[in-house]
Amino acid sequence: MSSSMSRTLKIGIIGYGPFAQFLAKIMMKQGHIISATSRSDYSHICSQLGLTFFTEIEPFMDADHDVILICTSILSLSKVLKSLPIHRLKKPILFAEVLSVKEHPKDLLLQVLPEDFDVLCTHPMFGPESGKDGWKDLPFVYDKVRIRDEEICSRFLQIFKDEGCRMVEMSCEEHDKLAARSQFLTHTVGRVLSEMEIESTSMDTKGFQKLLQLKESTMKNSFDLYSGLFVHNRFAKQELKNLELALQTVKQKLLERMDDALEDQKDS
Ligand SMILES: O=C(O)C(=O)C[C@]1(C(=O)O)C=C[C@@H](O)C=C1
């Protein structure tokens with residue numbers, strides 16, 4: 001059966017770092033046909049897993065995919081998209097992406113792709129750490145930015161539904177607002193704790209153990225990812241300011257108590 005008649009999709013992945021490898025494993029397990037291309041050479045890993053790796057972009061574009069899935073870093077996206085030889089694709093297809101910010105890839109995809117290409121922006125709210133024991137009930141955010149071929153799009157979304165993800169449809173703008181106040185804030189606090197070099201003690205409270213876990217899970221992600229969450233999410237700067245202000249407010253409240261205590265001592 002050809003891939004257009006079965007549920008099987010031919011998916012070509014651009015950018016084959018750890019996050020793409022993590023997604024590809026599940027997609028292959030479901031029976032989809034995966035190939036990949038990347039700036040670094042992943043041909044060894046790919047041949048072990050049984051998927052085709054293209055070192056050159058032209059043969060990748062010629063490979064007749066149903067979906068091209070963008071998994072580059074946020075910071076390299078613009079350069080990669082602008083250098084794609086789109087004209088080599090034989091027909092208009094679906095471009096999907098899984099970056100951790102949404103307005104930036106949406107704007108770029110609409111800018112570089114011809115009108116008749118479909119665009120699906122998504123963000124699996126999990127990764128190799130948090131999704132290592134399965135994707136059940138983990139949120140999968142998506143925005144059907146420009147979809148004409150509903151069938152291909154729903155077959156792609158089905159990959160995540162079949163793994164039990166909680167499907168959350170929202171605009172790219174709404175995603176970025178919420179993600180700045182949740183994911184970006186989480187990574188910021190994790191990095192601050194790491195800068196402070198917090199370490200386990202012989203008397204850790206449960207709360208402190210959670211802080212240590214936060215530091216460790218945050219630091220498994222690259223600084224490239226973290227800076228992408230800031231540079232290409234227009235809501236992140238305000239959240240960083242809010243965090244600084246909140247720290248000042250909390251400190252101010254403590255200092256006021258300190259002054260009160262000193263006054264009490266003087267009076268007694
Ligand atoms: O599980 C992991 O490995 C992650 O760090 C996943 C994580 C995160 O928790 O912030 C990081 C990047 C993705 O955008 C989604 C989620």
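Modeller: A residue is near the ligand if one of its heavy atoms lies within 4 Å of it. This is a predicted model, where local features need pLDDT of at least 70, side-chain atom pairs count only at pLDDT 80 or more, and totals for chains, interfaces and linings use all residues. Residues are numbered from 1 along each chain as its sequence is written, and side-chain values use heavy atoms, with hydrogens and water left out.

Colleague: Which residues around the ligand come nearest?

Modeller: Ser100, His123, Ser130, His187 and Asn221, out of 13 around the ligand.

Colleague: What makes the pair between the ligand and the side chain of His123 a polar contact?

Modeller: An oxygen atom of the ligand is 2.6 Å from a side-chain N or O atom of His123. The cut-off for two N or O atoms is 3.5 Å, so the pair counts. The side chain of His187 also has an N or O atom 2.6 Å from a ligand oxygen. For the side chain of Gln183, the value is 3.0 Å. The protein covers 83% of the 380 Å² of accessible area (Shrake-Rupley, 1.4 Å probe) that the ligand has on its own.

Colleague: Why is the shell around the ligand said to have seven polar residues?

Modeller: Because residues outside the nonpolar and charged lists, Gly among them, count as polar. The other classes are five nonpolar and one charged.

Colleague: Which domains supply the shell around the ligand?

Modeller: Domain 1 (10–170) and domain 2 (182–265) each give at least three residues. These bounds come from an automatic or database domain assignment.

Definitions and conventions
Polar contact = N/O pair within 3.5 Å; in protein donor to acceptor, adjacent residues only side chain to side chain.
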